[in-house]
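Me: I would like to go through a protein model with you, one question at a time. Could you take a look?

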Amino acid sequence: MRRVHENEQIRQLVDRARETVVNDRGDRLGDLLDNDLRHRLPNHPELARIIEGNGPPPLSPVEGALRDSLMARPRTLHSLLSQPEAVHILEDSVREVNERGADAILGEGRQRPLPTPFEGRQLEISNRVADEVGGSKSPDQPGFDEKALEEQKRRLQEGEQLSRDNPLINDYLDDLYNAADAHKDTLNNVLKDLANDPDDAKMRPGRKDRVRALDKIIIESGGNPSKLNDLLGGKVQFDSVADLYQALDRVQEVVARHGVEIVSIKDRLQNPQPSGYRDIRMTVRMPNGHIGELRLHLRSVDEVAAYEHSLYEVSRDLPNVAAEAAQRGERSADLSPEERALREAVNRRLITRFQAALDDALPPHLRSTHGEGGDAPEPHRRTAEPARAEQPQPARPEGAGRDEADPTRTTGHDPAKGEHEQPPA
């Protein structure tokens with residue numbers, strides 16, 4: 001560990017990160033990361049060797065790519081080190097790529113999660129609310145000058161991106177943060193009215209990180225900050241699929257009482273994320289016109305998502321960092337086979353964990369282990385659809401999700417965050 005602390009690149013990373021305040025308490029990212037490196041990283045010697053970067057042995061291609069990405073995104077590194085289970089999954093996945101090779105993993109195709117089994121009126125409720133809302137695409141935030149943005153983009157050189165300190169983008173982003181802050185209490189009251197217990201209503205802790213917000217704006221949304229709709233967000237947790245759909249059944253009535261309107265809905269129990277993550281994600285128009293996010297969650301799924309989100313960030317950052325390096329002429333924007341294989345190896349492990357979490361929220365007769373004695377050893381549990389052959393894809397993120405965050409796709413996620421932007425946990 002002495003070599004980690006003496007590494008000049010790491011020391012500079014920590015010093016730069018001290019400029020970033022990460023929460024309402026005033027904690028600085030650099031101080032948190034310095035603590036991580038001193039007290040958490042020693043518990044993970046394989047990751048420590050990758051972060052230090054100089055061997056021995058020398059880093060493999062997948063290890064080198066992972067290091068480059070983590071060093072470019074110190075907040076992801078902090079998030080990862082805060083979740084020991086995420087580190088174990090990542091280390092296991094790196095080891096698999098090193099031992100089996102990228103071609104073997106990619107040649108098996110992508111694994112897909114099993115569909116959610118429904119009963120009673122659950123699908124009817126979901127489809128009715130979807131019909132009432134009218135669509136799954138969220139409207140843009142109001143008041144942005146898109147003509148001015150297009151004029152600026154026309155002046156860019158070929159392959160050039162808008163600057164992250166662009167005044168048009170950042171001034172509007174400041175306004176979005178303020179508009180979101182103005183109706184935190186309103187959204188919190190909606191959540192409490194939907195919850196079986198007020199403690200199950202949870203707002204996003206603190207403001208969304210500005211670096212992450214600019215990632216989504218610049219890389220995924222073509223520089224248009226009006227596409228950003230998760231600065232204001234909250235969730236309600238439920239213990240069962242049945243309870244979740246009972247809340248969905250009355251969501252229109254509840255939001256209307258608070259002057260809030262649902263403007264889009266995605267039932268991701270009907271259409272799970274590639275990792276197996278599931279929730280119901282709605283965007284809502286607040287009384288001041290700001291577009292926020294309201295989610296209905298399963299508690300057991302959130303227990304996995306608590307550490308899965310760190311891995312989602314790692315997978316999301318790989319194409320984002322590759323695109324930035326390509327802008328500097330340092331590499332291709334396309335992900336390497338090793339990077340794509342790492343994303344797939346991580347995702348396969350998450351599918352298994354999310355399926356077990358879903359089973360916990362289902363009655364016994366609907367669980368994936370039903371008919372196998374209920375406690376089948378993990379290798380024999382049916383947790384995924386047959387794989388499809390993997391095809392190379394360019395590394396540009398889409399602007400749209402966890403939206404939707406397919407950790408195995410090199411074109412990005414759905415913005416969810418909307419993106420599996422993961423839950424505002």
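Reply: Happy to; here are some questions and answers on a sheet, a ring pair and a pocket. This is a predicted model, in which local features need pLDDT of at least 70, side-chain atom pairs count only at pLDDT 80 or more, and totals for chains, interfaces and linings use all residues. Residues are numbered from 1 along each chain as its sequence is written, and side-chain values use heavy atoms, with hydrogens and water left out.

Me: Which strands are the edge strands of the sheet?

Reply: Strands here are DSSP E runs of at least two residues and helices are H or I runs of at least four, numbered from the N terminus; two strands pair if DSSP finds at least two bridges between them. Five strands form an open, mixed sheet in the order S2-S3-S6-S5-S4. Those that pair on one side only are S2 (201-203) and S4 (261-267).

Me: In which sense do S3 and S6 pair, parallel or antiparallel?

Reply: S2 and S3 pair in the antiparallel sense over three bridges, with Met 203 opposite Gly 234. On S6, Gly 233 has Glu 293 as its bridge partner, and Gln 237 has His 297. Over six bridges, S3 (233-238) and S6 (291-298) pair in a sense that is parallel.

Me: How many of the six residues of S3 are buried?

Reply: Buried means under 20% relative accessible area, exposed over 50%, and partly exposed in between (1.4 Å probe, protein chains only). Gly 233, Lys 235 and Gln 237 are buried on one side, and Gly 234, Val 236 and Phe 238 on the other. S3 is largely enclosed by the rest of the structure, because its buried residues number six of the six.

Me: Why is the pair of Phe 118 and Tyr 245 classed as it is?

Reply: Rings of Phe, Tyr and Trp (its six-membered ring) pair if their centres lie within 6.5 Å; planes under 30 degrees apart count as stacked, over 60 as edge-to-face and the rest as tilted. Phe 118, in the loop between S1 and H9, is 127 residues from Tyr 245 in H14. Phe 118 is partly exposed at 22%, whereas Tyr 245 is buried at 1%. The ring centres are 5.7 Å apart and the planes at 85°, so the pair is edge-to-face.

Me: Which element gives the largest share of the lining of the second largest pocket?

Reply: A pocket is an open set of points on a 1 Å grid over the protein atoms alone, where a 1.4 Å probe fits, with protein on both sides within 12 Å along at least five of seven lines; lining residues have an atom within 4 Å of a point. This one has 18 lining residues, with Thr 20, Ala 72, Arg 73, Pro 74 and Val 211 nearest its centre. H2, H5, H6 and H13 each give two or more residues, and the largest share, four residues, comes from H13.
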